[in-house]
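Trainee: Before I use the labels attached to this model, I would like to hear the reasoning behind them. Could we take them one at a time?

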Amino acid sequence: MISNRDNLELLNEELLELMRKKEEDEKALNEADQAYYNHRNQLQERESELRHKTKAREHIDHLLNEIKDQLNNLKLQLAGMKERLDVEFKINIEEVIDQPRNSDTAQEELQAQVDRMKKRLENLGEVNPTAIEAFQEMKKRYEFILEQKNDLVDAKESLLQTIQEVEATANQQFLDTFNQVRENFQKVFKALFTEEDTCDMILENPENLAETSIDILAKPKGKRPSSITQLSGGEKTLTATALLFAIYLIKPAPFCILDEVDAPLDDANVGKFTQMIRKFSENSQFIIVTHNKQTMGAVDVIYGVTMQEAGVSKLVPVDFRSLN
């Protein structure tokens, strides 16, 4: 019994020792687990940082490639610009770059000017190799048309000057002739009427002789008509006859034909009319168609028309000059 008890105590002590050791081992295991989790978290953080840095590196590499591409493009543009400046404008870009800026214009304004010039160049289109020949042809055509235009302008000015001279001459001649006709009209009118009778010719628009109308005034003794239509038939006839002979006296014609002018006249006025015809017959030959016996008695030759047979006319002349 003692031996078993001792064994039991030994076993209890071993059990306690084992339990203490178990607790120590569990504690060590927990500490190891904690350390494991801590290291794993740190590893995840490091992996996350690595991924971010890798991604940032990729982005930087991408930017670097873009910068390299832009640099290559700029190098190509610079090379093309150098070649173009050298070929088209004979300018060395190395010398221009080293020169100091001598303008106060802002870069934005200069860039806007460059853009406008580029747009103008684009609007001009491609270079036409035959443009010079076309320009020379158009220039010759323009010079020819310009010469023709100048000739036409000179001809127009000369023509206008000639027209002005003709108008001035015509107006002056018209005015001179009008004054002569007016003077003759007054003289003939007094001869047909009396010295106390008055008449006149008035220009309604003396400022425009080419378009003006002429007003005829006739005032026999004892009458003051406001219009020539208020005169009697005989007075109208004498007035018209006076005007006719006033014009006739300017340039007498070799022949003058009067058709029954004396029809509205009374015997006294017929006598005045025949006296005037007798006076003017010294320079012209008058042919008068009349039925008035007094007029027939004042002429030199009478040509009578008879019809002895129906439809057959016969001319019978009587020369009073042979009788005288």
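Mentor: What follows goes through salt bridges, aromatic pairs, a helix and a pocket, with each label set against its definition.

Mentor: This is a predicted model, in which local features need pLDDT of at least 70, side-chain atom pairs count only at pLDDT 80 or more, and totals for chains, interfaces and linings use all residues. Residues are numbered from 1 along each chain as its sequence is written, and side-chain values use heavy atoms, with hydrogens and water left out.

Trainee: Why is the contact between aspartate 200 and arginine 182 called a salt bridge?

Mentor: A salt bridge is a side-chain nitrogen of Lys or Arg within 4 Å of a carboxyl oxygen of Asp or Glu. For aspartate 200 and arginine 182 the N to O distance is 2.6 Å, so the pair meets that rule. Aspartate 200 belongs to strand 1 (residues 198-203) and arginine 182 to helix 4 (residues 131-192), so the salt bridge ties together parts that are 18 residues apart in sequence. Helices (H or I, at least four residues) and strands (E, at least two) are DSSP runs, numbered from the N terminus.

Trainee: What makes aspartate 200 buried or exposed, and what of arginine 182?

Mentor: Buried means under 20% relative accessible area, exposed over 50%, and partly exposed in between, with a 1.4 Å probe and protein chains only. Aspartate 200 has 17% and is therefore buried, whereas arginine 182, with 30%, is partly exposed.

Trainee: How many salt bridges does the rule give, and how do the partners lysine 187 and glutamate 183 lie in helix 4?

Mentor: The count comes to six salt bridges. In the one between lysine 187 and glutamate 183, the closest N and O atoms are 3.5 Å apart, and the two residues, four apart in helix 4, are separated by about one helical turn. Lysine 187 is exposed, because its relative accessibility is 53%, while glutamate 183, at 43%, is partly exposed.

Trainee: Which salt bridge does arginine 57 form, and at what distance?

Mentor: Arginine 57 pairs with aspartate 61, with the closest N and O atoms 4.0 Å apart. These two residues are also four apart, in helix 1 (residues 2-89), and about one helical turn separates them. Arginine 57 is exposed with a relative accessible area of 60%, and aspartate 61 is partly exposed with 34%.

Trainee: The structure holds nine aromatic pairs. Why is the one between phenylalanine 185 and phenylalanine 189 called tilted?

Mentor: Rings of Phe, Tyr and Trp (its six-membered ring) pair if their centres lie within 6.5 Å, and planes under 30 degrees apart count as stacked, over 60 as edge-to-face and the rest as tilted. Phenylalanine 185 and phenylalanine 189 have 5.9 Å centre to centre and 50° between the planes, and the pair is tilted. Both lie in helix 4, four residues apart; phenylalanine 185 is buried, with a relative accessible area of 0%, and phenylalanine 189 is buried, also with 0%.

Mentor: Tyrosine 248 and phenylalanine 286 form another tilted pair, with 5.8 Å centre to centre and 55° between the planes. This pair links distant parts of the chain, 38 residues apart, with tyrosine 248 in helix 5 (residues 233-248) and phenylalanine 286 in strand 4 (residues 285-289). Both residues are buried, and together with Phe245 and Phe280 they form one aromatic cluster.

Trainee: How do you know that the span of helix 4 is close to the expected one?

Mentor: The expected span of a helix is 1.5 Å times one less than its number of residues. Helix 4 has 62 residues and reaches 86 Å from its first C-alpha to its last, which is close to the expected 92 Å. Among its buried residues are Phe178, Val181 and Leu192, and the buried residues of helix 4 pack against strand 1, strand 2 (214-219), helix 5 and helix 6 (267-280).

Trainee: With which residues is lysine 236 in contact, leaving aside its neighbours within four places in sequence?

Mentor: Contact means heavy atoms within 4.5 Å, and with those neighbours set aside lysine 236 is in contact with Ile228, Thr229 and Leu231. Lysine 236 lies in helix 5 and is partly exposed, with a relative accessible area of 36%.
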